[in-house]
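This briefing is meant to be read beside the sequence and the model, with each topic checked against the coordinates as it comes up.

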Amino acid sequence: MNSVKIQSRALKQVIPSLATSDGAGVKLRRSIGAHASLRLDPFLMLDEFGTDNPGDYIAGFPPHPHRGFETVTYMLDGRMQHRDHLGNVGDLGPGSVQWMTAGRGVIHSEMPLQESGRMRGFQLWINLAAREKMKPAEYRDIPAADLPLITLDDGTQVKVIAGTFAHAGQDTSGPINSACRRMTTDPLFLDVQLPAGVTFSQTIAQDHNAFLYVYEGDVAVVADGRRQSLPTQAAGVLAEGDRVEIVAGKQAARFILLAARPLREPVVQHGPFVMNSREEIEQAMRDYQTGALTDAAA
Ligand code: MN
């Protein structure tokens, strides 16, 4: 048997975020998924939105469909309201998370609940395994108060959204975890606030793909005695290993850390539909036109 070797993940690729717009003209920055070649299985897309100008967000995301994957919205500032064809209405406030499994189909809107002030947060798309793509839609609102927030002795703050954060021999699981919900991708989603110069480390399953996205300050990824710096508003894809070590620069830094089990299945995307084949995409478009996208009995 091989001895257990802890290997820290190096920084493999930097994906800068590109300014774009989506919905009815909401300005955002896309990194993961800005191009089909920039996905990180099973992560399809990461959008960061952040602005003090209502003109950048006021038009929101009027009703639109999804099929075949999960959308995760994490609000930092501002308020949005979700409404869907199932009758769910959810107000997303600062620090809250919306975890939506589109499965065979959801039609929803995501509209601002404010006419001024700052709107900031993320939307992440996580693919579903082929056998899960046509399961019934599920929707979950997670208020900020239900997300564990751990403050370490060095001042680091970790919010656990999905998966488990291991620290000082203790495990803290977020509201989305494999024990409460069967998930092929078994995602880890942490939001970390790191004081200047402080190092953060976290175990990451060896067979999972992982990246971090810095949204305030800058950090370096430490592996094999090397420091590889990652600028703000860029996704840093991590190489193989079973843990990650991240150190903040001269200023405090904030980043999200994501990891998940890759699906290794073909991905065919047409806008808000993500399936495994061209035929399934054509079926999704037909189903949307005929109303069968969201027909649970179909
Ligand atoms: Mn949507």
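What follows goes through the metal site, the aromatic pairs, the nonpolar cores, one helix, one buried acidic residue and some backbone features.

The structure is a predicted model. In that model a manganese ion is coordinated by three histidines and a glutamate, namely His-64, His-66, His-108 and Glu-110, and the structure also holds eight aromatic pairs. The largest nonpolar core has 28 residues, and a second, separate core has 27.

**Manganese site**

- The donor atoms to the manganese ion are NE2 of His-64, NE2 of His-66, NE2 of His-108 and OE of Glu-110, and they lie at 2.1 to 2.7 Å.
- Along the chain, the donors of the manganese ion follow the spacing H-x1-H-x41-H-x1-E.
- Because His-64 lies in strand S5 (residues 61-66) and His-108 in strand S10 (residues 106-112), this pair ties together parts that are 44 residues apart in sequence.
- Both His-64 and His-108 are buried.

**Aromatic pairs**

- Among the eight aromatic pairs, the one formed by Tyr-74 and Phe-189 is edge-to-face, with 5.9 Å from centre to centre and 85° between the planes.
- Tyr-74 belongs to strand S6 (residues 69-77) and Phe-189 to strand S17 (residues 188-194), so their pairing ties together parts that are 115 residues apart in sequence; Tyr-74 and Phe-189 are both buried.
- Phe-200 and Phe-255 have ring centres 5.9 Å apart and planes at 70°, and their pair is therefore edge-to-face.
- Since Phe-200 is in strand S18 (residues 199-203) and Phe-255 in strand S24 (residues 253-260), that pair ties together parts 55 residues apart in sequence, and both of its members are buried.
- Ring pairs also link Phe-122, Tyr-213 and Tyr-215 into a cluster.

**Nonpolar cores**

- Within the largest nonpolar core, the residues that touch the most other members are Phe-43, Trp-99, Leu-124, Phe-189, Phe-211 and Ile-256.
- Elements giving two or more residues to this core include strand S4 (43-51), S6, strand S9 (97-101), strand S11 (119-127) and S24.
- Strand S14 (157-162), strand S19 (209-216) and strand S22 (234-238) are also among the elements that contribute in this way.
- The second core is separate from the largest one, and its 27 residues include Val-221, Ile-246, Ala-248 and Ala-253.

**Helix H1**

- Helix H1 covers residues 278-290, and at 1.5 Å a residue its 13 residues should span 18 Å, which agrees with the 19 Å between its end C-alpha atoms.
- Ile-281, Ala-284 and Asp-287 are buried in H1, and because the buried residues fall within an arc of 120° when seen down the axis, they line one face of the helix.
- These buried residues of H1 pack against strand S25 (268-270) and strand S26 (273-275), whereas Glu-279, Gln-289 and Thr-290 are exposed on the other side of the helix.
- Gly-291, just after H1, takes a positive phi of about 90°.

**Glu-70, a buried acidic residue**

- Glu-70 is found in strand S6 and is buried, with a relative accessible area of 1%.
- Leaving aside neighbours within four places in sequence, the residues in contact with Glu-70 include Trp-99, Met-100, Thr-101 and Ala-102, as well as Leu-124, Trp-125, Ile-126, Leu-128 and Arg-181.
- The C-alpha atoms of Glu-70 and Ala-137 are separated by 9.4 Å, although these residues are 67 residues apart along the chain.

**Backbone features in loops**

- Asp-41 and Pro-42 are joined by a cis peptide bond with omega of about 5°, and Pro-42 lies in the loop between strand S3 (26-30) and S4.
- Asp-186, in the loop between strand S16 (170-173) and S17, has a phi near 45°, a positive value in a residue other than glycine, and is partly exposed with a relative accessible area of 22%.
- Arg-264 also has a positive phi, near 50°, in a residue other than glycine; Arg-264 is found in the loop between S24 and S25 and is exposed, with a relative accessible area of 68%.

Conventions: Residues numbered from 1 in each chain as written. Predicted model: local features only at pLDDT ≥ 70, side-chain atom pairs only at ≥ 80, totals over all residues. Heavy atoms only, no water. Phe/Tyr/Trp six-rings, centres within 6.5 Å; stacked < 30°, edge-to-face > 60°. Helix = DSSP H or I, 4+ residues; strand = E, 2+ residues; numbered from the N terminus. Buried < 20%, exposed > 50% of the residue type's maximum accessible area, 1.4 Å probe, protein only. Core = buried A, V, L, I, M, F, W, Y, C linked by side-chain atoms within 4.5 Å. Donors = N, O, S within 2.8 Å, 3.2 Å for Na, K, Ca; no water. Expected span 1.5 Å × (residues − 1). Arc of directions from axis to C-beta. Contact = heavy atoms within 4.5 Å.
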